Amino acid sequence: MDIVTAQEMYERDRVAMEAAGLDGKMLMENAGRAVAYDFLRHIQKEHKIVVLIGAGNNGGDGFVIARTLLNLGYDVEAWQVVPDAKTTGDAEAHKRIFQASGHPYRLLKSSEDLNTSLCRADVCIDAMLGIGVKGRLREPYADIVRLCNERSIVRLAVDLPSGVPADEGEEDFEAFQAHYTSIIEAPKQSAFLQHTQPYYGEWSVVEIGLPPKQLPDHRRRLWGRADVERTLPGREAHSHKGSHGKGLVIGGSRLMPGSVAMTARAALRSGAGLIAVSTDSEAIPAISPYVQEATFVEGENGGRVPDLGGYDGIAVGMGLGRNSMQETVVERLVREKETPLLVDADGLYLLKGFLGELKNREVPTVLTPHPGEFAHLTGLSIQEILRAPFSYSKEFAEKHGVYLVLKGPSTIITGPDGEQRVDVSGNAGLAKGGSGDVLSGILLSMMMQTEHVMDALSNGCFLHGSTADLLVQDGHSKVDLLASDVIEGLSRTFRTFSS
Ligand SMILES: NC(=O)C1=CN([C@@H]2O[C@H](COP(=O)(O)OP(=O)(O)OC[C@H]3O[C@@H](n4cnc5c(N)ncnc54)[C@H](O)[C@@H]3O)[C@@H](O)[C@H]2O)[C@@H](O)CC1
Ligand SMILES: Nc1ncnc2c1ncn2[C@@H]1O[C@H](COP(=O)(O)OP(=O)(O)O)[C@@H](O)[C@H]1O
Ligand SMILES: [K+]
């Protein structure tokens, strides 16, 4: 499913109209009806429903929604919150259809009148502003949004909660706090940002009849279960351990043996054929009982970098430490040009001095920072990154020729050519030390088994997050979940794909 900016959404509407001959009124009818039916899951016949209608096309959708619900026998009051002269075009046309269907609407004169209605209502539908919002809400919208947010009432939003910018980069806004948002056609960037996503509540997407074959490809999409099903590598009856990748994991230390142990075990649990670990010799006794299938390798004179030949993938950084000796390890790996490389945690910290070398690598390089690590790599603040993660990821991945997995509740995976995928699986049970180490192991394994790196990374993120989701639905809670539980839970996720 595509993820769009406001501009891209307008472009889609334009293409649908020009290339397929659909007209705006038709699309508005489709949108309003699809959203109204989508809302039925959240409303009941005995509910009193207030529909708030703004000046633009989002308001036009509101007239269609109100008419559809009234036709179905629901108890609906439609409130146009702007003077009549402000509704124009398709929205005005749908207002006329609404009236001609025998339904009256109320015009907002004072917010007290509306407040009296809201006090009696059980549900309020926000069809005031959509992707056309610019800057902070002006009156009367700001006042109405405050009234709605104060009431204990079910709040449903059309396309996006009024006031929330569709695009990333905006921080100064006030908005309708929805419990549920019915998004039209394609989710907007703001559905995935830490500071805007909470306004949406739960959400889903309704289809309004835009012609998929004609639409421009913005190369930014949500990666879901169906995509994983399509691209997850299988296991052939005649395969052998060499068919599934021989990986090397470099990291861990005497005081941090667990990280690399979890990465290695997660890689094996996700199908890697062979995993070798290069670590501090003092850490081996702690690691080997936890991951007996792994072998251990040493560098010359007991050094940290063994012979790098013969591996299908290398992951470095988990629990590695950050001193100058380890910096040399990272430098050597970056200069090595034959094996796909994944860099995480301490490895990312040490990588900063060699960013300029990344472009020279001839095989894939994958960086898996959380926003703090990405801030370190870019010199930006965490807040700047969270405000516009799509653009900063794209800029960085293109500039350095790397695959970037920017982790978070919505993880953004960006390719060196700027393609982006978003994975929203996972839950706050993963907000615990070790989750990232497990993810690195899964990603390393997927990279070695899938030729298409974007698919490998997107699938790996999905397997990690959906395992955590399965575990908190059954057996665990978000409080007690451990990263190691996710490793053991992978078998349950894989079984849902093979069955
Ligand atoms: N063909 C289309 O374009 C379709 C559009 N649809 C709906 O149309 C919406 C977009 O329509 P519009 O482009 O009319 O945009 P909006 O419906 O978001 O409204 C724009 C209006 O809001 C006002 N406004 C902007 N910022 C404001 C602020 N900060 N405070 C107060 N008023 C503000 C503008 O002056 C303008 O009158 C979508 O979100 C979707 O709901 C659907 O009907 C499907 C088809
Ligand atoms: N609240 C959350 N919801 C969903 N996923 C989360 C959440 N918090 C963390 N995660 C996921 O958990 C992992 C944490 O990685 P990271 O921050 O590197 O952890 P650590 O370094 O402690 O191992 C990432 O995959 C991230 O997407
Ligand atoms: K809205």
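Let me start at ligand 2, where helix H16 makes the biggest contribution to the surrounding shell, with four residues. Keep in mind throughout that this is a predicted model. In total, 19 residues surround ligand 2, and the closest are Gly 426, Leu 430, Ala 431, Ser 435 and Gly 436. Two elements give two or more residues to that shell: helix H16, residues 435-449, and helix H17, residues 453-473. By class, the shell around ligand 2 holds six nonpolar, 11 polar and two charged residues.

One of those closest residues, Gly 436, also appears in the database record. UniProt, in an unreviewed entry, puts a "binding site" feature at Lys 407, Gly 408, Pro 409, Ser 410, Thr 411 and Gly 436. These positions are spread over 30 residues of sequence, but they cluster in space, with a largest C-alpha distance of 14.1 Å.

Take two of them. Lys 407 sits in the loop between strand E15, residues 403-406, and strand E16, residues 411-414. Is Lys 407 buried or exposed? It has 23 C-beta neighbours inside 10 Å, so Lys 407 counts as buried. Beyond four places in sequence, the contacts of Lys 407 are Thr 368, Pro 369, His 370 and Gly 436. Gly 408 is in the loop between E15 and E16, but Gly 408 is partly exposed, with 19 other C-beta atoms within 10 Å. With residues up to four places away in sequence left out, Gly 408 touches Gln 194, His 370 and Pro 371.

Now ligand 1. Here 28 residues form the surroundings, and the closest are Gly 56, Asn 57, Asn 58, Gly 130 and Gly 132. Helix H2, residues 24-39, and helix H3, residues 57-71, are the elements that give two or more residues to this shell. H3 supplies the largest share, five residues. The shell around ligand 1 divides into 12 nonpolar, 10 polar and six charged residues.

The record has a second set of positions. In the unreviewed UniProt entry, a "binding site" feature is placed at Asn 58, Asp 126 and Ser 162. They span 105 residues in sequence, yet no two of their C-alpha atoms are more than 9.3 Å apart, so they gather at one spot.

Asn 58 belongs to helix H3. With 26 C-beta neighbours inside 10 Å, Asn 58 is buried. Outside a window of four places in sequence, Asn 58 is in contact with Ala 127, Met 128, Leu 129, Gly 130, Val 158 and Asp 159. Ser 162 is located in the loop between E5 and E6, and Ser 162 is also buried, with 28 C-beta neighbours inside 10 Å. Not counting residues up to four places away in sequence, the contacts of Ser 162 include Asp 126, Met 128 and Leu 129.

Last, the sheet. Seven strands make an open sheet in the order E3-E2-E1-E4-E5-E6-E7, with parallel pairing. Strand E3, residues 106-107, and strand E7, residues 202-206, stand at the edges with a single partner strand each, so one side of each has no neighbour in the sheet. E7 pairs with strand E6, residues 180-184, in the parallel sense over five bridges, and Ile 183 is opposite Val 205 in E7. H2 packs on the sheet, touching E4, E5, E6 and E7, with its direction at about 150° to that of E6. Helix H5, residues 111-120, packs on the sheet too, touching E1, E2 and E4, and its direction makes about 145° with that of E1.

Key: Residues numbered from 1 in each chain as written. Chains lettered and ligands numbered in written order. Predicted model: local features only at pLDDT ≥ 70, side-chain atom pairs only at ≥ 80, totals over all residues. Near = placed C-beta within 6 Å. Nonpolar A, V, L, I, M, F, W, Y, C, P; charged D, E, K, R; others polar. Pairing = 2+ DSSP bridges. Contact = placed C-beta atoms within 7 Å. Axes fitted to C-alpha atoms, helices over the stretch in contact; angles between N-to-C directions. UniProt positions renumbered as here; feature names shortened; annotations may be inferred. Buried ≥ 20, exposed ≤ 12 C-beta atoms within 10 Å, placed from the backbone.
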